[in-house]
Amino acid sequence: MTFAPSTAAASQLNNARTAAIEIAGSEVAAGYIADGCLTDGPLGRVGLEIEAHCYDPSDPLRRPSWDEISGVLQLLGPLPGGSAVSVEPGGAVELSGPPCDGIAAAIDAMARDQTVLRSTFADAELGLVFLGADPIRPTMRINPGARYRAMEQFFTASQNGMAGAAMMTSTASIQVNVDAGPQAGWVARVRLAHALGPTMIAIAANSPMLEGSFSGWRCTRQRVWGQMDDARCGPILGASAEDPVTDWARYALKAPVMLVHNPDAVAVTHHVPFMDWADGRVLLGDRRPTIADLDYHLTTLFPPVRPRQWLEIRYLDSVPDAFWPAVVFTLVTLLDDPAAADMAAEIVEPVATEWDAAARDGLADPRLHAAANRCLAVAAERAPADLVPTMQALMSNVERGRCPGDDFGDLVIEHGIAPTVARLARGEL
């Protein structure tokens with residue numbers, strides 16, 4: 001989704017001219033990144049992006065082809081909530097909602113679009129399953145786009161080949177987009193968005209399996225991301241976390257360049273930090289980088305909280321209808337409601353960096369269990385009436401130390417993995 005306002009044709013032309021400007025060095029690049037990463041303004045807008053794995057219910061081990069999924073999407077008209085639809089490298093289908101005024105409106109718009117999307121896929125005898133990781137199929141790219149082909153080549157050439165392939169083709173998430181807010185509050189807001197990560201991961205963990213086996217992790221999706229290069233996928237905050245704008249600029253310049261347009265996306269198969277390219281120590285595509293190259297580089301960085309003028313929060317597993325409205329309401333409320341944010345900052349401070357514990361143990365970790373219960377209680381006090389049932393369902397699960405993936409795991413143990421996935425794809429569970 002895009003929070004940035006639309007631009008007129010003249011502005012677009014000016015942007016095109018700017019994009020072609022060659023970067024004079026890493027200091028110039030740092031200034032450009034810092035100036036554009038967050039937008040000063042009021043809080044309130046929320047956008048949701050939700051991914052789901054696409055399955056053939058009659059054969060859950062088969063990965064539907066690019067042509068099959070594209071054919072279904074061609075049957076869709078404009079969605080009632082305004083979401084755009086895209087297809088991830090492994091065939092996961094993503095709904096990207098527009099910015100809405102508040103979390104309740106964003107939930108309503110996304111729910112309406114999901115209903116239409118599910119029905120269209122069901123008519124084509126395909127199904128959508130909301131899990132954080134594909135539990136049964138081996139990794140495989142079906143999206144033929146040049147960007148994804150080059151990303152695959154990049155990961156194959158790196159030490160993160162297996163994790164990169166799983167990240168691209170076997171994971172699915174919920175992304176929550178919120179305004180950056182007033183500049184005076186950026187430090188506390190970005191710090192809290194990170195600090196909430198482990199607790200929210202434990203609450204929403206819904207990926208206990210990968211490639212046909214239980215992984216031993218409640219959130220295998222986060223485990224996969226944790227195996228990636230920290231320079232590209234780790235948290236952006238520096239040790240002090242006192243200046244997120246500077247932290248993001250440093251992070252982006254140190255991150256290795258993944259792809260270069262020459263003119264199609266070409267993988268960079270050796271380690272080149274962007275700062276080395278900007279300073280002319282290395283030439284890629286036989287040239288120095290332009291502003292367009294820097295903008296593209298920023299799209300290849302995947303931290304758990306990514307500044308994009310707004311904040312894109314990327315650490316939640318995809319979860320089913322019974323839980324996702326409560327999960328996203330909780331996260332946004334703890335960020336956007338001033339009193340709730342103050343309480344949440346205190347609640348999660350002891351577990352603010354426990355990313356691995358959250359992914360591995362989830363709510364079995366007593367500290368995360370306590371933080372999760374307290375955070376949900378704060379959010380539940382602020383829930384509108386129509387969200388009370390889903391909030392109560394989530395709170396009941398969390399009180400018992402259960403995450404959504406525990407329910408899925410129980411079904412797999414009772415019925416087997418293929419029958420369980422098939423029934424989920426048919427909407428029977």
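Q: Over which residues does pLDDT stay under 50?
A: This is a predicted model in which local features need pLDDT of at least 70 and side-chain atom pairs count only at pLDDT 80 or more, whereas totals for chains, interfaces and linings use all residues. Residues are numbered from 1 along each chain as its sequence is written, and side-chain values use heavy atoms, with hydrogens and water left out. The chain averages a pLDDT (the predictor's confidence in each residue, from 0 to 100) of 94; where pLDDT is low, the predicted coordinates should not be read in detail. The stretch in which pLDDT stays under 50, with three contacts (heavy atoms within 4.5 Å) beyond four places in sequence, is residues 4-14.

Q: How many residues are in the largest nonpolar core?
A: A nonpolar core is a set of buried (under 20% relative accessible area, 1.4 Å probe, protein chains only) Ala, Val, Leu, Ile, Met, Phe, Trp, Tyr and Cys residues joined through side-chain atoms within 4.5 Å. Leu48, Phe121, Val176, Leu196 and Tyr315 touch the most other members of the largest such core, whose residues number 109.

Q: Which residue forms a salt bridge with Asp406?
A: A salt bridge requires a side-chain nitrogen of Lys or Arg within 4 Å of a carboxyl oxygen of Asp or Glu. Asp406 is buried at 15% relative accessibility, and its partner, with an N to O distance of 3.3 Å, is Arg218.

Methods
Buried < 20%, exposed > 50% of the residue type's maximum accessible area, 1.4 Å probe, protein only.
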